[in-house]
Amino acid sequence: MTAIKAESRRPADETLGEALRSHGISRRGFLKFCATTASLMALPPAMIPVVASALEKARRPSVIWLSFQECTGCTESLTRSHATTIESLIFDHISLDYHHTLQAASGTAAEAAREAAMRDNHGQYLLIVDGSIPLGNPGYSTIAGVSNLDMLRETAEGAAGIIAIGTCAAYGGLPHAAPNPTGAVSVSEIITDKPIVNVPGCPPIPVVITGVLTHFLTFGTLPELDSIGRPMAFYGQNIHDRCYRRSFYDRGLFAETFDDEGARKGWCLYKLGCKGPVTYNACATTKWNNGTSFPIESGHPCLGCSEPDFWDMGGFYRTLSMPTGHFSTALGYGVAIGAAAGLASALLGRSERDKARSAHEKVSVDDLDKGGSS
Amino acid sequence: MTQPSLEKGVNILREQIDGPVAAFFSSCVHCGMCAEACLFYTETGDPKYTPIHKLEPMRRLWEREFTFAGRIKKWLGLAPPISDEELEQWQPVVYDSCTLCGRCSMVCPVGNDITYMIRRMREGMAASGNAPQGLIGATTRAVKLGSPMGVKLATLEAQARHVKISTGLDVPFDEEGAEYMVVLSSMEVVNYPEYLEAITRIFHEAGKRWTISTEAFEATNSGIQIGVSDIAAELVGRIVAAAEKLQVKTVITPECGHAYTALRWEGPNLIGRPFLFKVRHILEVLDDLREQGLLQTSGMENDRITFHDPCQLVRRGGVVDPPRNLLNMVSNNFVEMEDHGTMNWCCGAGGGVSANEAADEIRLKAFKRKKAQLESLEVETLVTACANCRIQLEEGIEENEMEIPVVGITEMLAAHLVEHPSSDEGEQP
Amino acid sequence: MSKIDSDKVLRQALHALVPEQQRLLGTRLVKNVLPLTDDERVQRIIETAEKADVSDDELAEAYKLGRMAVVESRTRCGADCNWEDQAAHFVARAATAVVAPPGKCKAPDPPWQAVMSCRMARDCAILAADDGSENTEAEAQYDIAENFLNTPNSAAGDNHE
Amino acid sequence: MSGAEFLLWMRGPGISFAALFFIAGVVLRLIEILMLGRTKNLAELRGSGSTAGMRTIATRFLPADANTFRRSLPTIVLGYLFHIGLFVVIFLLTPHIKLFQSVFHIGWPGLPTPVVDFFTVVALVSMLGLLWRRVSNRLLRFLSTGEDYLSWAVTFMPLLTGYLSYHHLLLPYSWMLGIHILSVALLLVIFPFTKLMHSFTLFIARYYNGAIAGEKGVQQ
C-alpha cells in the first residue's frame, strides 16, 4: 500500500533507481516498465534507455496535490491497486508534500507543510489538482478556511507546472454539469500563466497519471498536448477506433437493450448510448485494474468521461446521433409555425389571384395587336 | 377598342397560377432532360429552347407573388417585376419554338407538365400584346369569319356538291336529332377535300345519321393556340350552341390534333359547364364502328407504312389505340416508328407554329427529327390523322427531297371501304 | 361510245383506259383549268404530259416538279386563304396526279384525284371572283372526256367499250 | 469552445433550431402549393385522375423509355447514383436511423457501415460528376443559376463531412461530427427555399401531371 507515511524515512536525495531497487524491483522489471511507458507515450524504442537512465537518476521532485470539489475517486484510482505496481512505486517516490487525503498531518500542520514546500521549491514544484473550483460562492468549498480559488491561485503562483487530474479539474466535471449550482470551473479557466496538463477521466487511468509524471521526470518538461490540454500520448486515440467491438459496429450488429441477445453476444453498444466515437482516452488499449478490462468490455457503453461536459451529452444511454434537447418539440413548433405562415401566405396568394380574376377584362381579338391595327 | 398592355398580361398571368403550376416550378432541378425531349432543342442544340426555360417570366411572377421567400425578395428589391421587353423577348421561345407537343412533360423526372404551363403562359403573352402576328391574324379570322383560314360556308357547300356528284350521297346539313354532328378543320375544306367524301361514304355504309351545322362547322380553335381563353370559349361556344340546337348525341372532331383538345378536353372547362353531348375524334368513332362491325373493309395495303402520332390527339388527347386498330385493318405491313404513341416526336408545326410565319425557318429545322425517324424506318407511305401534321410532313419531305407520300387515315380506310349497293344506286366500280 | 353524263360513267371510262390514255385524258382535263394558274412549272408538266412519246424519266421529272409546286402553293394551317393561289394549288395537284408514275400517287384513285382537283380549282376561282357563279366543271369534264373517247386518234388505245 | 461543447450545441439547440426552420419551411411551402388548388375538370373524363396521379408518382422514378434514357444518359446515371447513395446514407446508416427513431419512434435495420461508406463515396463522386457536367455542358451551364450551385454545395457538405468524420480525417471526431451536424443544419435551413424542395413537391408535381394526363386517358 502506498502512502506518504514513509516520507520522513526516505532521504530526499535518494534517486528513483535506488528506491526501486531497495523495494526489490529488478532491473529487468524496471526496464520493462520503462519500455511500456515509452510505448504508451509513443516514444521510439531508442528512447527506452534514455527514459530508464533519466528515471534512475531522477531526484524526487516536490509535488503539492490540491483537492477541491472532488470525490476522491481520482486518488482512489491511483491508490486502489490490488498489488504493488511499479507505477504506484513511482508515485511513492515523488515527494508528495501535500495531499490532504493521504498525508498524516492535519490542520495547521498540514497547511504548514504546503507552505514549506511552496517556499523551499518555489518555481520548481509540481502542482496536481483534482476537483473543480466553485466561483459561485467561495464558501461552497474551503480548506482550512481558505477558498479553493484563493488556494489555487496562491499555490499555482510558484509551481513549475500544473497537472489537472480528473475531469473535474480539467474541464469542470460533475460539479460543472448543468445547471452547475456552484459555478464550478476547471483549473485552466483560472490559471492562465502556467503550463497545465489535463489528465481527464472519471477517474483517469492510473498509468496515465504516472505516465505524465514519468515524462516530467524523464524530460523535465510537460508532454505534448492536444487542443484541450491532454497529453497526446494517452489521449490521441479514439475509443471507438480501438474498441474490440468495432467490427460489430461495422457489420451493423448492435445490442438494443442490456439484456438482449446482442448484449450477450458482445455486440456494439452504440445504440445504448456509447460515447466511444467522441471519446479520446487510453481505456481500450491500457485498460483498467491492471489491464483487466475497460467499461465496454464489461458490457457498458463508454460514458465519454475524459471529454468536457460528458455529463451533459444528452444522457449516458442516449444514442450519440440522437439530438439532445427538445428536438421533437422544435419539430412540433415548426409544423405549427409553418402551417400558420403557409396559410397566411397561401391566402395572400389566393386573394391576389382572386383580385386578378375579378379584374379580368375580357380579351377579344381586337385586343391582341400591340400596334393597335387589325 | 382596347389595347393590349403589360398590366393586362400580368394580371391574366396571375390568374393562371394554380396548384400544378406552383408544384411544377417548385420541383424543377434544372436537369435539362426536358431539352433532350424537345425537338427544337435537339435539332438546333440551342439551350434557349429548353422547355422549362421558356417559362422563366411566369416562374418569376409565381415566385414573386405566390411564395413567401419571393415576397421577401420582392420587398428587398431583389425580384424585379416582369417587363414588356422581357415578354417580347420571350415571344420566339413561347410561340415559334413550342408546338405544345407535350413530350417534355412525359420525360420530366420530377413530373412537371411543362406544356400545361406554356399553354397558360401564352394567356399572359397574348393579353400583353406579345403574340405573333400570324396567330393574331388566324385568331381574328376565326372569330370574325368563322375560320382561321377564311373558309366560308359557300366553300363547304361547294365541296358537298362535289361529294354528291362524285358519290351520289348527300352531305346532310342542319339535320336535327342526328346521332353525329361533324365539325371540320379549315384545312380539310381548303386542302384535303377527300376527307369529307370519305366520312360521307363511311357513315352511309354504317347507317349512321349525321349532320354538319351551317352555323358551326369549323372545328379548329385558334384561341387555345394563341392562348386566349376568352376567345377559345367563344369559338367552343359556337359548336356547343349548334350541337345543342341540333340535339345531336356526339360531336365528331376531324383529323386535326388541337381541335380535339380544344373541344374534348378544354371545351367544357372553357365554357364552365359539362357538355350535353359527347365529343369524339373521328378515329375513335371509326374504331367504335369497326368494333361493332359497321366498318367493313376489303383488301390490304402492301406498302410498308407507318403512323405519325399527332401530339394533341395521342400524347395530349389519349387516342392511342384507335389509329393502330384501324391501320391494321387495311395494312399488313404497318410498322411503328422508334418513338411512337405517347412518346412520338412532333412534326414541328403544331400549337400554332404553322400559322406563325416567324417560325417558318425553325419549323423546318425541327422537321429534321421526323426525317431521321422516317429514314431509319424506310417506309413507303406515311399515315397520319391531322391535317396540320400532314401539311408539315409533306412540306418537310419535299424540302428534304425525300419521296414518301402522306395520307390521312380516314381517306385510306375509305379507299378500302366495302360499299353495299343501295336501292337507288347502281353498282359501284 | 355511250354518252358521259355522270361521275360513275366518267370514272368507269377513265379506269378502262390504259395508263398512257389516262394520262392524255387527264392532261386535257387539267388544260381546262390551266388558266387558273400562272405557275410555269405546271405549264411545263402539262407540256410533258401531252407528249405522246414521253419517257418514264421525263414523267418522273415532271412528277417531282409537280410535287414541289403542290407543296409550295398550298395554304398552311391557320393562314389566310387566298383563293386564287389555292386554285393554282389544285391545278398543280391535278397536273401532278396526271403524271404520277404508277404507285407514286397515294390517292386511292389517282386519275380520279385529277378530276376532283380540277373541280376544286374551279371552286376556288369562283370563290376568289366572288360572283356567285355556278361550278360547271363537272359537266365540262364530261364533254372533254366524251370528245376524247370519241376521237379515234386520241382514244386509239385499249378501249374496251 | 471544445469539440465536445460544439458537438453538444449542434446536437442540441443547433439542430433543433434548424429542424424547426426546416419543418416550418416545408409545411409553409406545401400549404402554399396545395392551397392554390386545381380547378375541377368539367370534361367527360376517360379515366380516374387520382389513380393515374398515384401511378405517375411511381412510374416517374424510371425514365419514360429507353430512348429517353439514352438521350440523357449521364444525367440519369449520375442522378440515380447520387440519389441512391444519398438515400442509403440518410436512411440506412444506423446512427441516422436512431435519429429518425428518436423523432418518429419507428426504427428499421441499417446496413453495415462499410456498405454505407461505399455509397457515400458513390454519392460524393457522382455529385462531383454532376457538378462537372453543370459547368462543362453547354445546356446545363445555360440553365444553371446560383441556386443550383448553392443547393449542390449544401448537399455535398453533409456527405463530405459525414465521410470525414466517419474516417476520423482532418479534425478530431467531435469537431467533425459537430461540423457534420452543422452542415446538415445548413442544408435544413436552406432546403425549403430552394429547388431542394423537389424532394417533397415532386410527389405533388407527378400527381398533378399524372392526373391531368390520366383524366384524358393517357397512361404514363
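This report walks through a predicted model, going from the whole assembly to a few local details.

## How sure is the predictor?

Let's start with the scores. The model as a whole gets an ipTM of 0.85 and a pTM of 0.87. If you zoom in on chain D, the average pLDDT is 93, and 100% of the residues of chain D score at least 70.

## Who touches whom?

Four pairs of chains touch, and the pair with the most contacts is B and D. Some chains don't meet at all. Chains A and C have no contact, and their closest C-alpha atoms are 14 Å apart. Chains C and D have no contact either, with 25 Å between their closest C-alpha atoms.

Now look at where B meets D: 47 residues of chain D are in contact with 49 residues of chain B. On the chain D side, the helices α1 (3–36), α3 (66–71), α4 (73–92), α7 (138–143) and α10 (198–215) each bring at least two residues. Helix α10(D) gives the most, with nine residues. Sort the chain D side by class and you get 19 nonpolar, 15 polar and 13 charged residues.

Chain B also touches chain C, with 34 residues of chain B in contact with 26 residues of chain C. At least two residues each come from α10 (133–145), α11 (153–167), α12 (186–190), α20 (387–399) and α21 (409–415) of chain B. Here the chain B side is made up of 17 nonpolar, twelve polar and five charged residues.

## Chain D, helix after helix

What is chain D built from? It has ten helices and zero strands, so to speak an α-α-α-α-α-α-α-α-α-α run when you read from the N terminus. Along the principal axes, the C-alpha atoms of chain D fill a box of roughly 65 × 35 × 35 Å.

Chain D has 220 residues, and 48% of them count as buried. Take the contacts in chain D between residues at least 6 apart in sequence: 77% of these join residues at least 24 apart.

## A bent helix in chain B

Helix α16 of chain B covers residues 257–271. How far apart should its ends be? With 15 residues at 1.5 Å a residue, the span should be 21 Å, and the end C-alpha atoms are 20 Å apart, so the two values agree. Still, α16(B) isn't straight: there is a bend of about 50° at Trp265(B), and Pro268(B) follows within four residues. Right after the helix comes Gly272(B), with a positive phi near 80°.

Is α16(B) mostly covered or mostly open? It is mostly covered, with twelve of its 15 residues buried. Among the buried ones are His258(B), Tyr260(B), Leu263(B), Leu270(B) and Trp265(B), the residue named at the bend. The buried residues of α16(B) pack against several elements of chain B, namely α14 (222–226), α15 (229–246), β3 (250–253), β4 (278–281) and α20.

## A covered strand in chain A

Over in chain A, strand β9 spans residues 196–199 and is covered on both faces. Ile196(A) and Asn198(A) are buried on one side, and Val197(A) and Val199(A) are buried on the other. Strand β7 (residues 159–165) of chain A runs parallel to β9(A), joined by four bridges. In one of the pairings, Ile163(A) has Val197(A) of β9(A) as its bridge partner.

## Backbone oddities

Chain A has a couple of cis peptide bonds to look for. One joins Ala178(A) and Pro179(A), with omega about 5°, and Pro179(A) sits in the loop between α9 (173–176) and β8 (184–185). Another goes from Cys202(A) to Pro203(A), with omega near 0°. You'll find Pro203(A) in the loop between β9 and α10 (206–219) of chain A.

Next come positive phi values in residues other than glycine. Lys287(A) has a phi of about 65° and lies in the loop between α15 (283–286) and α16 (327–358) of chain A. Glu378(B) has a phi near 50°, in the loop between α19 (360–377) and β7 (381–384) of chain B.

Why does Glu378(B) count as exposed? Because 10 C-beta neighbours lie inside 10 Å, and the cut-off for exposed is 12 or fewer. Lys287(A) has 16 other C-beta atoms within 10 Å, so Lys287(A) is partly exposed.

Note on methods: Residues numbered from 1 in each chain as written. Chains lettered and ligands numbered in written order. Predicted model: local features only at pLDDT ≥ 70, side-chain atom pairs only at ≥ 80, totals over all residues. pLDDT = per-residue confidence, 0-100. Contact = placed C-beta atoms within 7 Å. Nonpolar A, V, L, I, M, F, W, Y, C, P; charged D, E, K, R; others polar. Buried ≥ 20, exposed ≤ 12 C-beta atoms within 10 Å, placed from the backbone. Pairing = 2+ DSSP bridges. Expected span 1.5 Å × (residues − 1). Bend = angle between axes of the 7 residues up to and from the residue.
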